[in-house]
Amino acid sequence: LDLKAAYPNAEILEDQICPLETGAANALVFNSGMAAIMTALMTVLQPGDAIVYTVPIYGGTQHFIQDFLAPWGVTGIPAPAGATAAIDAAIRGASNVKVVLIETPANPTIIMTDIRAAVESAAAAPSGPPLVMVDNTLLGPAFQHPLSLGADLVLYSATKYLSGFSDMIGGVVLSSDPALLRPMRSKRSLFGNILQPDECWAELRRTGHP
Ligand SMILES: *Cc1c(COP(=O)(O)O)cnc(C)c1O
C-alpha cells in the first residue's frame, strides 16, 4: 500500500502476516477483531445499503449489525449458515446488497458455509456484485483459504488462534486487492483503531518469521 506510513511495528507485522494467507497481497492490523470487522463494514456500507450475513455469527458482529448498523440505516439480512440455497435467495432477493459477510465455521455452532457458492451468488446480485467478506477466525489461514475461493476480504480476530495464548487482543483484514484495503486504511487512521506497537511486536513473535 502506498498510503502514508503506519508505524514500523504495524508495517512489519502486516508484511509478515500476508504470506500466511493464500492469495493475499496486503494486510491491515487492528486493535481487535471487532475493530477489523467494523472498520471493514463502515468503509463499504452507507445508509440505504444492505448486508447479507450468516447466522449464527459472533455475538459482537451480530450486535454491530443489529444495534448499530440498522439504526444507522443499513438493512441487515440474516441467512442461515450452511444453507446454500437460502443464502443465494437472500443475496439475489434484495436490492442494494453491498456486503455478504460469511462466518465459517460459525461461532459457536461450527456450521460451515460454502464460500464459493456465495461468491457465485454475489456475482448475480441484482444491484451488482457485493463484496464477499469471510470471518476466518475459527479455521485460520492454515486450514481455509477464502481468497482462493473468490472472497474479496478475509477478517480475523487475532485474539484467538492467530495469537494463541489469550494474552492480547487484535484483528486483521487481508485482501488480494490493494485498492480494497486502501480506504480501510484511511478509516483506520480516522477511527484510531490500529493495533498498538507492543501488540504488533507480540503478535510478530507468534506469526512472523524472525
Ligand atoms: C472473537 C471473535 C470475534 C471478535 O474478536 P475480538 O478480537 O474479541 O474483538 C470476531 N469473530 C469471531 C468468529 C470471533 O470468534
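**Exercise 1.** Is Arg182 buried, partly exposed or exposed?

*Solution.* The structure is a predicted model, and every value below is computed from it. Step one is to locate the residue: Arg182 belongs to helix α7, which covers residues 178-191. Step two is to read its relative accessibility, which is 29%. Step three is to apply the limits: buried means under 20%, exposed means over 50%, and partly exposed lies in between. Arg182 therefore counts as partly exposed.

**Exercise 2.** Determine how many disulfides the structure contains, and examine Cys18 and Cys200.

*Solution.* A search of the whole structure gives zero disulfides. Cys18 takes part in no disulfide, and the nearest cysteine sulfur to its own, that of Cys200, is 14 Å away. Likewise, Cys200 is in no disulfide, its nearest cysteine sulfur being that of Cys18 at 14 Å. A disulfide requires two cysteine sulfur atoms within 2.5 Å, so a pair at 14 Å does not qualify. As for their surroundings, Cys18 is buried at 10% relative accessibility, and Cys200 is buried with a relative accessible area of 0%.

**Exercise 3.** Describe the place of the ligand and name the polar atoms that approach its oxygen atoms.

*Solution.* Begin with the site: the ligand sits in the largest pocket. Next, consider the shell, in which 13 residues surround the ligand. The closest of these are Gly33, Asp135, Ser157, Thr159 and Lys160. Helix α2, residues 33-44, contributes the most to this shell, with three residues.

Then take the polar atoms in turn.

- In Lys160, an N or O atom of the side chain is 2.7 Å from an oxygen atom of the ligand.
- In Asn107, a polar side-chain atom lies 2.9 Å from an oxygen atom of the ligand.
- In Met34, a polar backbone atom is 2.9 Å from an oxygen atom of the ligand.

Finally, consider the area: the ligand taken alone exposes 380 Å², of which the protein buries 92%.

**Exercise 4.** Which peptide bonds, one ending at Pro56 and one at Pro105, are cis, and where do these prolines lie?

*Solution.* A general rule provides the background: most peptide bonds are trans. The bond from Val55 to Pro56 is cis, with omega near 0 degrees. Pro56 is placed in the loop between β2 (50-55) and α3 (59-69). The bond that joins Thr104 and Pro105 is also cis, with omega about -5 degrees. Pro105 lies in the loop between β4 (97-103) and α5 (115-123).

**Exercise 5.** What is the sign of phi at Asn96 and at Ile110, and where is each residue found?

*Solution.* Recall that most residues other than glycine have a negative phi. Asn96 is not a glycine, yet its phi is positive, at about 60 degrees. Asn96 is located in the loop between α4 (84-93) and β4. With a relative accessibility of 34%, Asn96 is partly exposed. Ile110 is not a glycine either, and its phi is positive, at about 55 degrees. Ile110 is in the loop between β4 and α5. Its relative accessibility is 60%, so Ile110 counts as exposed.

**Exercise 6.** Locate Ser175 and Gly171 and state whether each is buried or exposed.

*Solution.* Ser175 is part of strand β7, residues 171-175. Its relative accessible area is 0%, which means that Ser175 is buried. The side chain of Ser175 also reaches the backbone oxygen of Asp152, at 3.0 Å. Gly171 is placed in strand β7 as well. Its relative accessible area is 2%, so Gly171 is buried.

**Exercise 7.** How many residues apart in sequence, and how many Å apart in space, are the pairs Ile17 and Pro141, Gly171 and Asn193, and Arg182 and Gly60?

*Solution.* Each distance is taken from C-alpha to C-alpha. Ile17 and Pro141 are 124 residues apart in sequence and 9.7 Å apart in space. Ile17 itself lies in helix α1, residues 8-17, and is buried at 4% relative accessible area. Gly171 and Asn193 are 22 residues apart in sequence, with 9.8 Å between them in space. Arg182 and Gly60 are 122 residues apart along the chain, and 25 Å separates their C-alpha atoms.

How values were computed. Residues are numbered from 1 along each chain as its sequence is written. This is a predicted model: local features need pLDDT of at least 70, side-chain atom pairs count only at pLDDT 80 or more; totals for chains, interfaces and linings use all residues. Side-chain values use heavy atoms; hydrogens and water are left out. Buried means under 20% relative accessible area, exposed over 50%, partly exposed in between (1.4 Å probe, protein chains only). A residue is near a molecule or strand if one of its heavy atoms lies within 4 Å of it. A polar contact is a pair of N or O atoms within 3.5 Å; within protein, one must be able to donate a hydrogen and the other to accept it, and residues adjacent in sequence count only if both atoms are side-chain atoms. Accessible areas come from the Shrake-Rupley method with a 1.4 Å probe; for residues, only the protein chains shown count as cover. On a 1 Å grid over the protein atoms alone, a cavity is a set of points where a 1.4 Å probe fits but cannot get out, and a pocket is an open set with protein on both sides within 12 Å along at least five of seven lines; lining residues have an atom within 4 Å of a point. A molecule sits in a cavity or pocket if more than half of its atoms lie within 2 Å of its grid points. Helices (H or I, at least four residues) and strands (E, at least two) are DSSP runs, numbered from the N terminus.
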